[in-house]
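User: I would like to understand the terms used for this structure, and what each one rests on.

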Amino acid sequence: MIKGEIVEELKRIVGEEDVLTEKEDLASYAYDGTTNWYHEPDVVVFPTSAAEVSEILKLANRERIPVTPRGGGTSVSGGPVPIYGGIVLCTVKMNRILKIDKENLLAVAEPGVVLMDFNLALAKEGLFFPPDPQSFLGATLGGNVAENAGGPACVKYGVVKQYVLGLEAVLPTGEIVEFGGMTVKNVTGYDLPMLLTGSEGTLGVITKITLKVLPLPPATKTLMAVFDDVAVAGGTVYQVLSGGVIPSKIELLDNWVINSIERLQPMGLPKDAGALLLFEVDGIQEAVEKEAEEIERICREQGAREVRVAKDAEEANRYWTARRAGFAAVFSAAPTVLAEDVTVPRSKIPDFLRKMEEICKPRGIEYSVIGHAGDGNLHPSLLTDKKDPEKYAKAEEAMAEIIEAALELDGVLSGEHGIGLEKKKFLKKAMPPKAIELMKGIKRLLDPNNILNPGKIWEEDQ
Ligand SMILES: Cc1cc2nc3c(=O)[nH]c(=O)nc-3n(C[C@H](O)[C@H](O)[C@H](O)COP(=O)(O)OP(=O)(O)OC[C@H]3O[C@@H](n4cnc5c(N)ncnc54)[C@H](O)[C@@H]3O)c2cc1C
């Protein structure tokens with residue numbers, strides 16, 4: 001419990017109106033984009049500058065108070081949940097776009113800028129920021145960098161780390177540092193912006209971000225390929241990519257997800273399909289037409305029973321809205337949903353999907369798969385109920401086997417959501433001990449008193 005004088009000091013730093021201590025306010029900062037964890041902070045602060053962040057961290061470091069950085073709170077791995085209470089440092093009031101430099105294809109922004117707002121501002125200049133986590137309506141740039149987020153468009157364009165040119169951050173001890181720069185090439189020493197990118201709010205609070213941006217492609221086309229068998233759909237992904245076409249997006253939805261979306265809001269998806277692949281191609285008109293034809297040909301050759309080419313933007317939007325509804329469809333379907341974000345080499349997607357079925361079916365577990373199949377990044381989700389210990393234990397055991405199956409297929413534990421809270425227990429299986437030791441050493445160096453987002457990534461504290 002934080003003492004009254006600490007709250008007073010925080011009020012002095014950020015102003016009275018930017019400090020919350022009422023129980024009903026604190027409750028809003030106790031969870032993330034899921035309902036899987038609930039821990040209230042003692043206080044929430046909304047700094048508006050790097051200098052204020054620095055003062056907060058100096059105070060917290062002096063008093064050994066845990067600080068949990070938070071952007072939009074849309075994480076699904078528990079990252080912004082303050083499991084030891086203390087201070088939630090929320091960046092949503094640091095929300096200015098400082099520069100859009102069309103000549104150099106870059107932009108500079110504060111961490112609290114919502115991704116959607118960033119792209120709306122860029123679009124006015126004919127530009128866009130490609131990484132597109134499907135939480136773009138609420139997720140912030142700071143959260144995107146801290147999680148090294150991705151999304152459907154990362155097949156062609158890559159994830160956030162491919163766009164971070166420079167960062168300003170405040171270290172847990174309060175120093176304000178600037179890493180990287182404004183150029184697209186930079187090998188001046190170690191790549192420190194990459195150290196913070198994907199660090200899940202454990203190494204520093206990001207206060208300013210310089211990002212590469214791109215010109216908006218002049219044309220896009222969306223296709224939906226319908227398959228009877230989910231593994232055949234999964235196998236078509238690498239056939240398309242190795243066939244020489246790199247679509248901007250390839251997403252997979254299995255039969256359970258399709259039906260669940262249709263129940264929430266009918267979108268015209270084929271309810272009897274084993275799985276769908278949604279593709280988008282973008283670029284100049286002629287290339288888009290040719291690539292769409294090639295994708296259709298390969299899908300049919302691989303066994304798609306139908307390929308719908310969206311005839312206009314309205315139809316294309318409907319399919320992508322359906323894809324986005326997948327998250328709500330999955331998470332609203334049971335009291336507890338265990339959902340992961342393992343990633344496997346693309347040629348191993350069919351093996352992974354079959355393995356998942358082998359693990360879940362005999363146990364009678366209701367499960368689904370949706371995901372960024374173009375990156376081999378899948379979201380296996382198990383429907384369960386934490387309040388039913390037997391059922392929950394069965395789902396936990398199945399998820400552990402699913403994760404192990406992904407690792408055995410040369411996959412990784414997390415493709416985009418980060419380790420956070422739940423996946424900590426698998427880290428030792430997913431990574432050599434030396435790598436973990438090095439990471440902990442970096443954490444100790446930057447955060448000697450372990451005040452910044454403690455309890456995340458590693459099972460035991462440093
Ligand atoms: C519906 C839905 C769809 C999603 N789809 C995707 C997807 O397609 N791809 C994907 O990658 N993720 C996805 N996510 C997960 C999540 O939205 C992303 O991880 C997103 O980048 C989090 O941004 P945020 O601002 O909400 O961060 P928060 O949830 O607030 O925080 C996430 C982590 O970043 C840290 N953090 C936040 N701001 C800072 C900062 N300024 N400095 C240092 N650390 C900071 C926090 O401590 C925490 O560990 C989805 C989530 C939802 C709910």
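**Terms and what they rest on**

Analyst: The residues of the shell around the ligand divide into 11 nonpolar, 20 polar and 5 charged; here Ala, Val, Leu, Ile, Met, Phe, Trp, Tyr, Cys and Pro count as nonpolar, Asp, Glu, Lys and Arg as charged, and the others, Gly among them, as polar. The model is a predicted one, in which local features need pLDDT of at least 70 and side-chain atom pairs count only at pLDDT 80 or more, while totals for chains, interfaces and linings use all residues. Residues are numbered from 1 along each chain as its sequence is written.

User: Which residues come nearest to the ligand?

Analyst: Of the 36 residues around the ligand, Gly71, Gly79, Gly142, Gly143 and Gly201 come nearest, where a residue is near if its C-beta atom, placed from the backbone, lies within 6 Å of the molecule.

User: Why is the chain called as compact as a globular protein of its length?

Analyst: The radius of gyration, taken over C-alpha atoms, is set against the globule rule, 2.2 Å times the number of residues to the power 0.38. The chain has 22 Å, close to the 23 Å that the rule gives for 462 residues, so the chain is as compact as a globular protein of that length.

User: What makes a residue buried, and what percentage of the chain is buried?

Analyst: A residue is buried if 20 or more other C-beta atoms, placed from the backbone, lie within 10 Å of its own, exposed if 12 or fewer, and partly exposed in between. Buried residues make up 50% of the 462 residues in the chain.
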